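Below is a short note for a colleague who is opening this entry without prior acquaintance. The points go from the whole chain to single helices, loops and residues.

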Amino acid sequence: MYSPDTTKYLIQIHLETEGVVDKPDVVGAIFGQTEGLLGEDLDLRDLQRTGRVGRIDVQIVSRRGETSGDIFIASSLDRAETAILAASLETIDRVGPCVAHVHVECIEDIRVAKRKKIIERAKELLLDAFEEDSIDSQDLLDEVRESIRIEKVRSLGEERVPAGPNVEESDAIIIVEGRADVLNLLRYGIKNSVAVEGTNVPKIIVSLCEKKTATVFLDGDRGGELILRELLQIADIDFVAYPPRGKSVEDLSRKEIVKALRNKVPVEYVRDQVERDIRKVSLNHESQSTLYPYSPNISEEKESDLRSVGEHPVSSSIGEEQIQPVSGSGDGTTIPAVSMPPIENGGNATLGWHIGAIRGSGLGRFLSPDLSTIRDFQPGEFCDLLKEYGAESAGVLLDQVVDQKMLDFAAEKGLEFIAAREFLGIVKRPTTLRMVNI
């Protein structure tokens, strides 16, 4: 109907004739009756020849001996010239042999219509087409930096193990499980990690451990435990770091990674626990916690006794004797009697003997340095009584679940060991406090 590239305005004219006419009759009437009317500059034929006026589009229908319809003329003239041209068309009074009535209905500014369409479409794009609600310059920087770091992942040795760019130059290395772990550490600027990629530890990692300070940072699942056992046997490991419970190294945030590496444990504390766990499995004893570090401050006699816990459980099939009820915290509360195994051969009570007494009772017990009972109590009284008895106690037994808060409180009060039914939600393991499962 008109060229959108040159059109500024669209003239819409309504036509009615008192007879039947065809489109060529209408077009001939327009050219014939406007010729010479507006002078040479606005002659319709010349304007159409030069492209300043588009073709004339006629849309008419004949009914009951009369014809009516609309005429559309596209114009690239200015507003005044377009208005003059439109007004001249209203002078047409005959089409062919029929009387005609011509009226200009409107002159539409095509650019306004385009602008409306642009605005409506822009609104749709603004709401739907953008992938994100906002563009953060920091996000762009982080994405670019991350791509650079990922490109820097190297392959070491004949096994082509993934490693950060600074592994060979650094004095220390961090051993992780897979490439995804290397990428996550690299994402936060840690460039000295190397991946074992399975339980078959590559020779290049064994060689690196001989020359550098090596920290093992593995997932806390079964696979991580097996890899750690192999590394302890064939490589010179210095430290072990633990991710938060239930999380993998590849999913950790920067804060969690830094915290885990800062709380790494010397390998000497871990090696003994691993050996104990292996012995427990071989004896078909249930191992409820693995790889808990223990304190080097405990005396050799008590350390030997601690190691015996869980390996030689005290039998309760021998005749039992009762401990008399003792008062609670002074408010008249009475703690129920605890079923106790006898002390064999008239010797002193051991930690294993106390654990056998507390296990299944739902109570707690403070023990002195010589492993005599200081006080039995209800577990809910632990935090309050620890303030009173912590200074004279070597440790405490709790037939309940111990969380991070209770563990920190016990370490703060100077206890050497804490024995509990289960440890849950432990992220930071105090190096001065031994943790034992009862």
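1. Of the 438 residues in the chain, 42% count as buried. The model is a predicted one, and its secondary structure comes to 14 helices and 19 strands. Taking contacts between residues at least 6 apart in sequence, 58% of them join residues at least 24 apart.

2. Helix α13 can be read by its two sides. Its buried residues are Phe382, Leu385, Leu386 and Tyr389. Viewed down the axis of α13, these fall within an arc of 110°, so they line one face of the helix. A general point lies behind this pattern: an α-helix has 3.6 residues a turn, so residues three or four places apart point the same way. The face of α13 turned away from the buried side carries Asp384 and Lys387, which are exposed.

3. What do the buried residues of α13 pack against? Their partners are the strands β15 (364–367), β16 (373–377) and β17, together with α14. The strand β17 spans 395–402, and helix α14 covers residues 404–412.

4. The pairing of α13 with α14 deserves its own point. In general, two packed helices are described by the angle between their axes and the distance between the axes. Here the axes of α13 and α14 come within 10 Å and cross at roughly 5°. With angles under 35 degrees counted as roughly parallel, this crossing makes α13 roughly parallel to α14. On the α13 side the contact is made by Phe382, Cys383, Leu386 and Lys387, and on the α14 side by Met406, Phe409 and Ala410. These residues divide into 6 nonpolar, no polar and 1 charged.

5. Serine 393 sits after α13, in the loop between α13 (382–389) and β17. Is serine 393 buried or exposed? Its relative accessible area is 7%, and the limit for buried is under 20%, so serine 393 is buried. Its side chain reaches the backbone oxygen of tyrosine 389 at 2.6 Å; tyrosine 389 is itself one of the buried residues of α13. Neighbours within four places in sequence aside, serine 393 is in contact with Phe366, Leu367, Ile374 and Leu415.

6. Two residues have an unusual backbone angle. As background, most residues other than glycine have a negative phi. Leucine 371, although not a glycine, has a positive phi of about 65°. Leucine 371 belongs to the loop between β15 and β16, and at 9% relative accessibility it counts as buried. Arginine 64 also has a positive phi, near 50°, and is likewise not a glycine. Arginine 64 lies in the loop between β2 (53–63) and β3. There the relative accessible area is 87%, which makes arginine 64 exposed.

7. Serine 68 is placed in strand β3 (residues 66–75). It counts as partly exposed, at 30% relative accessibility. Which residue lies 53 residues from serine 68 along the chain, with 5.5 Å between the C-alpha atoms? That residue is leucine 15. Beyond its neighbours within four places in sequence, serine 68 is in contact with Leu15, Glu16, Gln59, Ile60 and Val61.

8. Valine 153 is in the loop between α5 (137–151) and β6 (154–156). Its relative accessibility is 15%, and valine 153 therefore counts as buried. Valine 153 and leucine 183 are 30 residues apart in sequence, while their C-alpha atoms are 7.5 Å apart in space. When residues within four places in sequence are left aside, the contacts of valine 153 are Pro162, Ala163, Arg179, Leu183 and Leu186.

9. Proline 430 is found in the loop between β18 (417–423) and β19 (434–437). With 12% relative accessibility, proline 430 counts as buried. Its C-alpha atom is separated by 6.8 Å from that of alanine 411, which is 19 residues away along the chain. Not counting residues up to four places away in sequence, proline 430 touches Leu407, Asp408 and Ala411.

Definitions and conventions: Residues numbered from 1 in each chain as written. Predicted model: local features only at pLDDT ≥ 70, side-chain atom pairs only at ≥ 80, totals over all residues. Heavy atoms only, no water. Helix = DSSP H or I, 4+ residues; strand = E, 2+ residues; numbered from the N terminus. Buried < 20%, exposed > 50% of the residue type's maximum accessible area, 1.4 Å probe, protein only. Polar contact = N/O pair within 3.5 Å; in protein donor to acceptor, adjacent residues only side chain to side chain. Contact = heavy atoms within 4.5 Å. Axes fitted to C-alpha atoms, helices over the stretch in contact; angles between N-to-C directions. Parallel < 35°, antiparallel > 145°, perpendicular 65-115°, else oblique. Nonpolar A, V, L, I, M, F, W, Y, C, P; charged D, E, K, R; others polar. Arc of directions from axis to C-beta.
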